[in-house]
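Thanks, everyone; I would like to spend a few minutes on the charged side chains, so please have the sequence and the model open while I talk.

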Amino acid sequence: MKKTIHFSLENYIGKGLHRKCYIHPEDPFKCIKINYNIGADIETNREVKYYKHLLKRQISWECLSKYYGSVDTDLGIGHVYDLIRDDDNSISISLENYLKQSLNAHELNELTTALINLKKALVNDRIITMTIKSKNILYQRRNCGNRLVIIDNIGNSKLIKIDNYCHFLAKKSINRKWQRFIKDIERENFALVSAYLAKK
Ligand SMILES: Nc1ncnc2c1ncn2[C@@H]1O[C@H](COP(=O)(O)OP(=O)(O)O)[C@@H](O)[C@H]1O
Ligand SMILES: [Mg+2]
């Protein structure tokens with residue numbers, strides 16, 4: 001029998017529409033996500049299935065938080081992922097919140113590079129996503145170069161998942177989702193998208 005993981009109050013990080021996220025009590029660099037409402041099961045099962053597919057493919061995990069399987073917890077079944085932290089150990093903030101700050105030229109330049117690298121990594125690892133949203137991307141500040149990491153809403157919702165195997169269709173799907181994402185963040189931060197389009 002698997003052992004049960006017990007959470008304490010200070011383990012709680014935050015929640016989205018379907019899941020609550022906690023720091024793993026035994027590993028500060030992992031988090032555990034737990035469904036908390038009806039409808040969450042469908043989303044989580046789809047996503048976990050896709051993560052298992054990516055584990056088999058041995059992708060680089062450059063743009064995603066790596067998945068480590070399920071655990072039993074005192075709050076129900078949880079799924080374990082890399083917890084994204086900056087080099088100063090604080091939990092990385094979302095791109096959505098980062099874009100709400102006023103950014104200087106240097107910060108904008110670093111973020112533009114991270115955005116270019118995120119697109120490259122999605123294509124290199126052939127990551128199929130649902131809608132890409134800035135609230136589901138964390139901006140990790142590192143000495144070796146900042147990066148953007150997608151933490152939610154990946155996988156393929158199509159019934160026939162040919163995109164998972166056909167490289168040409170995968171790239172088309174990634175490009176489509178990326179263009180929509182760029183349009184969305186243009187509303188959040190026009191300067192970032194202008195810099196991105198000039199530099200990509
Ligand atoms: N890998 C991670 N590292 C750090 N924080 C995370 C990670 N995954 C999720 N979080 C935090 O937990 C919140 C909810 O997680 P998320 O996967 O987006 O749940 P939902 O599927 O309900 O939207 C996120 O908004 C973020 O604050
Ligand atoms: Mg989310």
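Which side chain meets that of Asp152 in a salt bridge? In this predicted model, the partner is Arg19, with a distance of 2.9 Å from N to O. The two residues sit in distant parts of the chain, 133 residues apart, since Asp152 belongs to the loop between β9 (147-150) and α4 (167-188), while Arg19 is in strand β3.

Arg19 also forms a salt bridge with Glu47, and here the closest N and O atoms are 3.1 Å apart. This pair, too, links distant parts of the chain, with Glu47 in helix α1 (residues 40-57) and Arg19 in strand β3 (residues 19-24), 28 residues apart.

As for the surroundings, Glu47 has a relative accessibility of 2% and therefore counts as buried, and Arg19, at 11%, counts as buried as well. Asp152, by contrast, has a relative accessible area of 24%, so we call this residue partly exposed.

Let me turn to another pair, Lys30 and Asp27, whose side chains meet in a salt bridge at 3.0 Å, again from N to O. Lys30 counts as buried because its relative accessibility is 18%, and the cut-off for buried is under 20%; Asp27, with a relative accessible area of 22%, is partly exposed.

Coming back to the earlier residues, Arg19, Glu47 and Asp152 are joined into one network by salt bridges that share partners. The total count for the model is 7 salt bridges, among them the pairs of Arg19 with Glu47 and of Lys30 with Asp27.

Notes:
Residues are numbered from 1 along each chain as its sequence is written. Chains are lettered from A and ligands numbered from 1 in the order in which they are written. This is a predicted model: local features need pLDDT of at least 70, side-chain atom pairs count only at pLDDT 80 or more; totals for chains, interfaces and linings use all residues. Side-chain values use heavy atoms; hydrogens and water are left out. A salt bridge is a side-chain nitrogen of Lys or Arg within 4 Å of a carboxyl oxygen of Asp or Glu. Helices (H or I, at least four residues) and strands (E, at least two) are DSSP runs, numbered from the N terminus. Buried means under 20% relative accessible area, exposed over 50%, partly exposed in between (1.4 Å probe, protein chains only).
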